[in-house]
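Where does a protein model leave empty space, and what lines it? The report below takes up these topics for the structure shown here.

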Amino acid sequence: MSALRTGFKLLLFATAAVLVVLLLRHWMATKQYVFNREDIAKLAKQYAGQDHEQAFSKVVVELRKRYPGHILPDEELQWVFVNAGGWMGSMCLLHASLTEYLLLFGTAVDTGGHSGRYWAEISDTVISGTFRQWKEGTTKSDIFYPGDTIVHAVGEATSVQWSAGTWMVEYGRGFIPSTLGFALADTLFSTQDFLTMFYTVRVYARSLLLEAGTLLAEAGVL
């Protein structure tokens, strides 16, 4: 009887998990998104090849004009280290919700490793430097230059490599909390840089609060 009860509980758990996944997929397929991958890539491409700090400043100004209330204010923008998949970079989060994020990303040193495999589509437009990608199941890599946009599809895994001084604008769409495990794993189990982990969680929480406030204001609740 004990084994039967355990099996029944596992069946209920599996059924509930499948239903949650199906509901999330339906929600993400039918909801209205703030950003569009092509629009973000087009905007970033305008400043490709420029000094990355100047380019980023122009991108942020333009984003605030186009998407008022959805981009973090200057006082909450922070460059935070990211250790994941064996590589090390730095990000500056501009926007995040449960289904989208927008950030500036790059590295001042040569680095590379595993891309991660996500329940989200991620696109990067290169502002400066070079990015190399080796896709799963192939024997050759591709290299990308300023102005190029790289799309990392849902469930895809690649080997990635950035040359020193590579900076890009990144947009992700999908179930964003599912990406946090990969993003924080190296910090938790390798570097143990818990201050960086705190910064990462804090800026994500601030972004969620900003987005919730904007949505409530648009709905006339606030």
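What follows describes the enclosed and open spaces of this predicted model, and then a nonpolar patch on its surface.

Rolling a probe the size of a water molecule over the atoms shows where empty space is left. When the whole structure is searched in this model, 1 cavity of 30 Å³ or more is found. Its lining is made up of 36 residues, and those nearest the centre of this largest cavity are W87, Y101, Y118, I122 and E170.

Two pockets can be set beside the cavity, with volumes and lining classes as follows.

| Space | Volume | Nonpolar lining | Polar lining | Charged lining |
|---|---|---|---|---|
| Largest cavity | about 620 Å³ | 25 residues | 9 residues | 2 residues |
| Largest pocket | about 290 Å³ | 7 residues | 4 residues | 4 residues |
| Second largest pocket | about 220 Å³ | 8 residues | 2 residues | 3 residues |

The largest pocket has 15 lining residues, with K31, Q32, V34, E211 and L215 nearest its centre, and helix α5 (residues 194-218) contributes the most to this lining, namely 5 residues. In the second largest pocket, 13 residues form the lining, and E53, F56, S57, W79 and L104 lie nearest the centre; here the largest share, 7 residues, is supplied by helix α3 (residues 52-66).

On the surface, L188, F189 and F194 together make a nonpolar patch of about 340 Å². Of these, L188 belongs to helix α4 (residues 180-191), and L188 counts as partly exposed because its relative accessibility is 37%, a value that lies between the 20% limit for buried and the 50% limit for exposed.

How values were computed
Residues numbered from 1 in each chain as written. Predicted model: local features only at pLDDT ≥ 70, side-chain atom pairs only at ≥ 80, totals over all residues. Heavy atoms only, no water. Patch = residues over 30% accessible without salt bridge, like charges linked within 9 Å, V, L, I, M, F, W, Y side chains within 5 Å. Areas by Shrake-Rupley, 256 points an atom, 1.4 Å probe, with all protein chains shown as cover. Salt bridge = Lys/Arg side-chain N within 4 Å of Asp/Glu carboxyl O. Helix = DSSP H or I, 4+ residues; strand = E, 2+ residues; numbered from the N terminus. Buried < 20%, exposed > 50% of the residue type's maximum accessible area, 1.4 Å probe, protein only. 1 Å grid on protein atoms, 1.4 Å probe; cavity = no way out; pocket = protein on both sides within 12 Å on 5 of 7 lines; lining within 4 Å. Points joined across faces, edges and corners; volume = space filled by probe spheres on them. Nonpolar A, V, L, I, M, F, W, Y, C, P; charged D, E, K, R; others polar.
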